[in-house]
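Here's a quick walk through a structure, a few spots at a time. Keep the viewer open and follow along.

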Amino acid sequence: MTRPGFVLEVDERTPPLLFHHGEGFRLEKLPLGTRVVYPPEALPGLRDVDGAIGRALEEPRGSEPLRALLRPGMKLTIAVDDISLPLPPMRAPDIRGRVIEQVLEQAARSGVDDVRITMANSLHRRMTAKEIEHAVGERVFRSFWPEALGNHDAEDRANLVEIGSTDQGEVVEINRRAAESDLVVYVNINLVAMDGGHKSVPVGLGSYRSLRHHHNVHTMLRSRSYMDPSASALHDSTTRMGRLLANHLKIFTIETTLNNDTFPKPFDFLQKREWEWSVADQAAYLAAKRATDRAPAELNRKVFHRIKAPYGVTGVTAGETEAVHEVTLANVHRQQLVEVDGQADVLVAGVPYVSPYNVNSILNPILVTCLGLGYFFNMYRGKPLVRPGGVMIMFHPVRREFHSVHHPSYIDFFEEVLAETTDPAAIEAKFEEQFATDPWYVHLYRNSYAYHGVHPFYMWYWAAHAMDHLGDVIFVGGDRRTVARLGFRTASTLGDALDMASETVGSSPRITAMRCPPLMLAEVR
Amino acid sequence: MGGLVREVRTVARGWRWTRRPLVPRSVAQLEPEHREFATEWARRPAARAARTAIQRGVLAPLIHFEVDVRVRGVDMLDTVAPPVIFVANHTSHLDAPLVVTSLPEAWRDRTAVGAAADYFFDVWWRAAATALVFNAFPVERAGARRSTRLARELLEQGWNLVVFPEGTRSRDGWIGEFRLGAARLAIENDAPVVPIAVRGSYQAMPRGAAWPVKGRRPVSVRFGRPVRPFSDEDPSAFNDRVRASLAVALDEEATTWWEAIRREARGSTPAGSGLDAARWRRIWEASRPLERPGRSPAWPTRKRADAARR
């Protein structure tokens, strides 16, 4: 039976606890009384995934069965979540491919010829052929690549269509092929509560003109948190856009959820509770620690990015977007929710090697900020894990390293923008437009494998709520100059970091640590 | 290399290599272990033969090598017929081997020992070793029905049981509260209870020690007067009688038979629960070395005369 998540109170019996530290990890002896939030163990995966997909398509929520929506001569677009999901990538066969195969099976039987499969990469980098093949499966790839299978291009003006504006004046502009299709089938992987629902089509197939209405500092400061759609201005905005789209376009949403089985052997000790580590787990830790400490970062990255998670599928739901997403969110919560009593003065977290925006790439300093202060800080419902004015301590080397192909605008953002200010609102006002419309970044986004010029700004906005909420941010083991550029502080050890934190929160703070990943969502009361 | 050594040391300390791993308290409260280990195999003829060999050839000599054991009151067993429940006070890991090796062979061969499920049956190899050497069966300290059921079955099959009704080793060397499980079992199965007073094991191998202390400390095992439950007796009342009988056996061990029965008649037998004082004083008193047994002197010594006067 799957054990639920829980809050450990560190006592003298507690072994050192594991924290991710970029492309490595570390054991830390936490102060007595520290609370550590552990995610629930992996729920059992569905035994018959293909059967579950078939049932979802036959008995959708709030919609006719898919088969009834398909007819000869129609235009069908299948949009698919991109490389940012799931994390780490899923061991083959990817659930997206399994779903697409069944959709295409029905389309073929219904005589649909005009099919286009689009990776809904929004302003993310284009996926490589190999990455797409992994996501959609070999059979689909061979049948459709490259003519009818490819990436969405948010800068291809000729292939974008403005659908209209919401009552709040938000422009909805999406991929022309999707907009002109008789049916859009969206295939998602809902890894965290932020994903999916009306965020899929308007964002995944949207453009900068459309995204700027919710990917901004004002919205992010009012998304508390963006992992809780019911309290998120970001989701309010995408819902308005999604509803507008639904009035113009038939969208059949298929959402899937995964369990917490994140790390395969020999890295499975990363998801075990430390006091339950067997001798083999301890040996695996020692070997992995030794190897990662000795090997160059480049090699470590190669090894870690090869990790493919042995996820189990916990749910497949299809139909009308909102009806589907309700079930999906319940499935995500079933796997990730942990109840936590009260806020802490200090929140401690280890930042791992991968975020949604650096799969097969480098977690650069801006992405470290986004992952720690954006994603991890926001992994709550109700109240943040740390009180207003509290301190967040993170473990990460924060090297001044960038992937020059994937993240060119990040380099300039770091060197030029952050050198001037780290205030998200000031950055947005002064620099966003310039980066977003820079022809060179647009060229690289469209023709190379670069994230859009505006993407580093969004990463910085993602952390705006945490920056506004926290009194101090300290990176343990971080590169001093790089972290200073980000506007944060560094410490050599956790003890030093706690000493530094005492300037803000006093000498006997309440400390909460997150044991993440595997992913969790704290329900803070 | 220094980094590796440091890491190995961190892991060795953190996971208590060579020692029993511990679970954080907040976890132990949340999820008591519920693993089940079958022990039925340990009562089959082959395992019994192996156990006899181990107990005779290894355990008993080892115990007698490490501590100076005196067993008294074995004649009390002549007044009962198996199956019985042996109830002993519990201050040390020595207690179970002491009790088992003190039993006459005919009794020992038909006796099973209740052992804490969460402690002795946590991993397969410890469970197997405990079951084989002591004919142990798991006792859920949280009071699950499973262990009572198993104990009842064993009694019904004619096995004598050794139970430590305090549920755990005493932290300060004195007798703690008796849980009602043994009393209930005795009443339900109409089985007599034989109290066993173990004295000196706390000094010889206190809680936390992995091996008896050097010096072959004196330890005594005394079988007390069997107690039989009345029909429909309240478990709590019977439990009190068992505890009182054990206290008399302990008193007899500490003084003399005559002293003990006189005090029992007066109702002034020490309960064995120690001083009502600070924890350190209780431990201080309990850890006071026992007098080494010597040959009985032919005439009263001053010390004996003083003790008798007291």
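## Starting at Arg71(A)

Arg71(A) sits in the loop of chain A that runs between helix H2 (66-69) and strand S5 (75-81). Keep in mind that this is a predicted model. With a relative accessible area of 43%, Arg71(A) counts as partly exposed. Leaving out residues up to four places away in sequence, Arg71(A) touches Ser110(A), Val112(A) and Asp182(A).

If you want a sense of distance, pick His406(A) as well: Arg71(A) and His406(A) are 335 residues apart in sequence, and their C-alpha atoms are 40 Å apart in space.

## Chain A as a whole

Zooming out, chain A has 21 helices and 20 strands. Its radius of gyration is 22 Å, close to the 24 Å from the globule rule for 525 residues, so chain A is as compact as a globular protein of that length. Taken along the principal axes, the C-alpha atoms of chain A fill a box of roughly 70 × 55 × 45 Å.

Of the 525 residues in chain A, 66% count as buried. Look at contacts in chain A with a separation of 6 or more, and 80% of them come from residues 24 or more positions apart. On the outside, chain A exposes about 18,500 Å², with carbon and sulfur atoms supplying 49% of that area. As for charge, chain A has 57 positive and 65 negative charges, and the mean positions of the two sets are 3 Å apart.

## Asp472(A) and its partner

Now jump to strand S17 (residues 472-476) of chain A, where you'll find Asp472(A). Is Asp472(A) buried or exposed? Its relative accessible area is 12%, and under 20% means buried, so Asp472(A) is buried.

That side chain has polar company: it makes a polar contact with the side chain of Arg489(A), at 2.5 Å. Setting aside neighbours within four places in sequence, Asp472(A) is in contact with Gly390(A), Val391(A), Met392(A), Arg489(A) and Thr504(A).

## Cis bonds and positive phi in chain A

The loop between S5 and helix H3 (95-109) of chain A is worth a look for its backbone, and Pro86(A) is found there. A cis peptide bond joins Leu85(A) to Pro86(A), with omega about -15°. Pro88(A) also lies in the loop between S5 and H3, and a cis peptide bond links Leu87(A) and Pro88(A), again with omega about -15°.

Two spots to check on a Ramachandran plot come next. Ser122(A) isn't a glycine, yet its phi is positive, about 50°. You'll find Ser122(A) in the loop between strand S6 (114-120) and helix H4 (129-136) of chain A, and it is buried, at 4% relative accessible area. Val398(A), not a glycine either, has a positive phi of about 40°. Val398(A) lies in the loop between strand S16 (386-395) and helix H15 (408-420) of chain A, and its relative accessible area is 0%, which makes it buried.

## Over in chain B

Which residues of helix H7 (residues 124-134) of chain B are buried? They are Arg126(B), Ala127(B), Thr130(B), Ala131(B), Val133(B) and Phe134(B). What covers them includes helix H3 (45-66), helix H4 (95-102), strand S3 (111-116), helix H6 (117-120) and strand S4 (136-139) of chain B.

Right after H7(B) comes Asn135(B), with a positive phi near 50°.

Notes
Residues numbered from 1 in each chain as written. Chains lettered and ligands numbered in written order. Heavy atoms only, no water. Helix = DSSP H or I, 4+ residues; strand = E, 2+ residues; numbered from the N terminus. Rg over C-alpha atoms; globule rule 2.2 N^0.38 Å. Buried < 20%, exposed > 50% of the residue type's maximum accessible area, 1.4 Å probe, protein only. Contact = heavy atoms within 4.5 Å. Areas by Shrake-Rupley, 256 points an atom, 1.4 Å probe, with all protein chains shown as cover. Lys, Arg positive; Asp, Glu negative; His and termini not counted. Charge placed at Lys NZ, Arg CZ, Asp CG, Glu CD. Polar contact = N/O pair within 3.5 Å; in protein donor to acceptor, adjacent residues only side chain to side chain.
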